[in-house]
Amino acid sequence: MVNKVAIIGAGLGGLSVAIALRKQGINAQIYEKARLLRPVGAGLSLVPNGLHSLEAIAPGITELLKAAGSQTQKLKLHKSNGELIGQKSVRLQEKYGQPMLQIRWSRLQEILASQLPPEAIHLDHRCINFEQNDQRVQICFEGKKTVQADVLIGADGINSVVRQTLIGDGDPDYAGRMSWRAVLKYSHEKLLPHEVMSMTASDGKIFGFFDLGSGYVFWSAASLCPDGFLAESPTDVKSRIQEKFSGWAEPVQEILAATDAEDIVERPICDRPPLQNWSQGRVTLLGDAAHPMVPLLGQGANTAFEDAWELAQHLNDAPSISAALANYENSRKPRTQIIQIRNAVGAKRAYKADSETYLAKMMQQAQLSDAEFEEWLYSHKPSVVNSP
Ligand SMILES: Cc1cc2nc3c(=O)[nH]c(=O)nc-3n(C[C@H](O)[C@H](O)[C@H](O)COP(=O)(O)OP(=O)(O)OC[C@H]3O[C@@H](n4cnc5c(N)ncnc54)[C@H](O)[C@@H]3O)c2cc1C
């Protein structure tokens, strides 16, 4: 019987699994290292598989999200000189029952947090390790605070401390690219409502503009950077991007000039190879802690929502905690590994592959056409789990 679940991390995965567990009557408590829930200055694409999972977790939530974001109806791809390469209409709503939705990270986080009682989120709690035995798991935080729970979920992102204590596989791998993102109120004749416009160059640089509704635009840029160092100040970050994208057609330089340097998030793109196992005893992982991926397909948060729904279902249903966590992991691993691999293939990542199964899956999925893969990805529906 599960009474208390401790979740490390109040990111999108941690918040959504807490909501799902509390709906099942389980006392889920989140421990977050930050002193404030500081929003990442970025936007996010939510797609049918993630939105269906969120709707299953908190019925009605997708209407709130749709009201807070912008449903993408068209994707356009241009060369860096502005020449149109191609465009396509987005018909996910008609085909899969949920749209492609662009939303500010901060709004998504606020909407998720608003579904939880404030006392379920404990800020200023940096997890440093944990110990478990047959009866419980004890979690240790900086400053000698400790907490006990029946189950521990590591939803603490790509640099997960819970994963390090559980598996100890070191730092994530740098994928050779830096990313820069910001959200601002901005208008330009080339940026239309309900559209995503991307510009690309043969040297691997990409710059995307995402309409977020209510006059806001999210831009996201990436470039190959072999050394992966971070700029020293916000002004240096801004000059770095302006230089990297100099000569690109407008509105690239215009939107960069209009963006406050302090609002730009610079981040190295990292991932890890798929894991063979991510649960032991009373402890499991979720979201980026379990299966981090490069953001090529925009699936990191969407798959974290799938995890959240399934983990709560299994914990509510299985005869024992270890069975629940094993069922969750066995159900989630094949799907998330395929998505990790597809991302890696698309981003030309070379993993140090260590198993034949892994290589076989990589070959198989690499051969699926984009249309077949999209169908498989977006038609995923959260199902109700019943123990045998
Ligand atoms: C450039 C870029 C674009 C992306 N675009 C998309 C997209 O369009 N769609 C999409 O689905 N995904 C996208 N992603 C991926 C997405 O951001 C992640 O997959 C998602 O945020 C993972 O959520 P999470 O809750 O697992 O981890 P995180 O969001 O990283 O949250 C982890 C939380 O744990 C906390 N934490 C960490 N360590 C500790 C500790 N020791 N103790 C306590 N708390 C701790 C952190 O402060 C944080 O709040 C993108 C990623 C990048 C880099």
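This passage describes the sheets, a buried helix and the ligand surroundings of a predicted model.

In the predicted model, seven strands form an open sheet of mixed pairing, in which the strand order is S6-S5-S14-S15-S16-S13-S17. The edges of this sheet are held by strand S6, residues 84-89, and by strand S17, residues 265-271, each of which pairs on one side only. Between neighbouring strands of the sheet the average turn is 20°, with direction ignored. Within this arrangement, strand S5, which covers residues 74-79, pairs in the parallel sense with strand S14, residues 195-200, and 6 bridges connect the two. One position in this pairing is given by His78, which stands opposite Met199 in S14.

A second open sheet consists of 3 strands in the order S9-S10-S11, and its pairing is antiparallel. Strand S9, residues 127-132, and strand S11, residues 146-149, are the edge strands, each pairing on one side only, and the twist from one strand to the next averages 20°. Strands S9 and S10 are paired in the antiparallel sense over 5 bridges, and the hairpin that joins S9 to S10 passes through 4 residues. On the other pairing, strand S10, residues 137-141, meets S11 in the antiparallel sense over 4 bridges. The hairpin of S10 and S11 likewise has 4 residues between the strands, and in it Gly143 takes a positive phi near 85°.

The residue pairs of S10 can be followed on both of its partners. Cys140 of S10 stands opposite Asn129, and in S11 the bridge partner of Cys140 is Thr146. For Gln138, the bridge partner in S11 is Gln148. Strand S10 is also mostly covered, since 5 of its 5 residues are buried. In a regular strand the side chains alternate between the two faces of the sheet. In S10, Val137, Ile139 and Phe141 lie on one side and Gln138 and Cys140 on the other, and both of these faces are covered, with every one of the five residues buried.

A comparable picture of cover on two sides is found for strand S12, residues 151-154, where Val151 and Ile153 point one way, Leu152 and Gly154 point the other way, and all are buried. Strand S12 pairs with strand S1, residues 4-8, in the parallel sense over 4 bridges, and in this pairing Val5 stands opposite Val151. Strand S12 is further joined by 3 bridges to strand S18, residues 283-285, and these two strands also run parallel. The bridge partner of Ile153 in S18 is Thr284.

Among the helices, helix H2, residues 48-57, is largely enclosed by the rest of the structure, because 8 of its 10 residues are buried. The buried residues of H2 are Pro48, Asn49, Gly50, Leu51, His52, Ser53, Leu54 and Ile57. An α-helix has 3.6 residues a turn, so residues three or four places apart point the same way.

The ligand is surrounded by 30 residues, of which Gly13, Glu32, Cys127, Asp288 and Ala301 come nearest. By class, the residues of this shell divide into 11 nonpolar, 13 polar and 6 charged. Several polar contacts were computed between the protein and the ligand, and they involve both backbone and side-chain atoms. A polar side-chain atom of Glu32 lies 2.6 Å from an oxygen atom of the ligand, while a backbone N or O atom of Leu12 is found 3.4 Å from an oxygen atom of the ligand. In addition, a polar backbone atom of Lys33 is 3.1 Å from a nitrogen atom of the ligand. Taken alone, the ligand exposes 1000 Å², and the protein buries 85% of that area. The elements that contribute two or more residues to the shell around the ligand are helix H1 (12-23), strand S3 (43-46), strand S13 (173-185) and helix H9 (300-317). Strand S13 also belongs to the open sheet of 7 strands, where S13 stands between S16 and S17 in the order.

Note on methods. Residues are numbered from 1 along each chain as its sequence is written. This is a predicted model: local features need pLDDT of at least 70, side-chain atom pairs count only at pLDDT 80 or more; totals for chains, interfaces and linings use all residues. Side-chain values use heavy atoms; hydrogens and water are left out. Two strands pair if DSSP finds at least two bridges between them. Axes are lines fitted to C-alpha atoms, for helices over the stretch in contact, and angles run from 0 to 180 degrees between N-to-C directions. A residue is near a molecule or strand if one of its heavy atoms lies within 4 Å of it. A polar contact is a pair of N or O atoms within 3.5 Å; within protein, one must be able to donate a hydrogen and the other to accept it, and residues adjacent in sequence count only if both atoms are side-chain atoms. Accessible areas come from the Shrake-Rupley method with a 1.4 Å probe; for residues, only the protein chains shown count as cover. Ala, Val, Leu, Ile, Met, Phe, Trp, Tyr, Cys and Pro count as nonpolar, Asp, Glu, Lys and Arg as charged, and the others, Gly among them, as polar. Buried means under 20% relative accessible area, exposed over 50%, partly exposed in between (1.4 Å probe, protein chains only).
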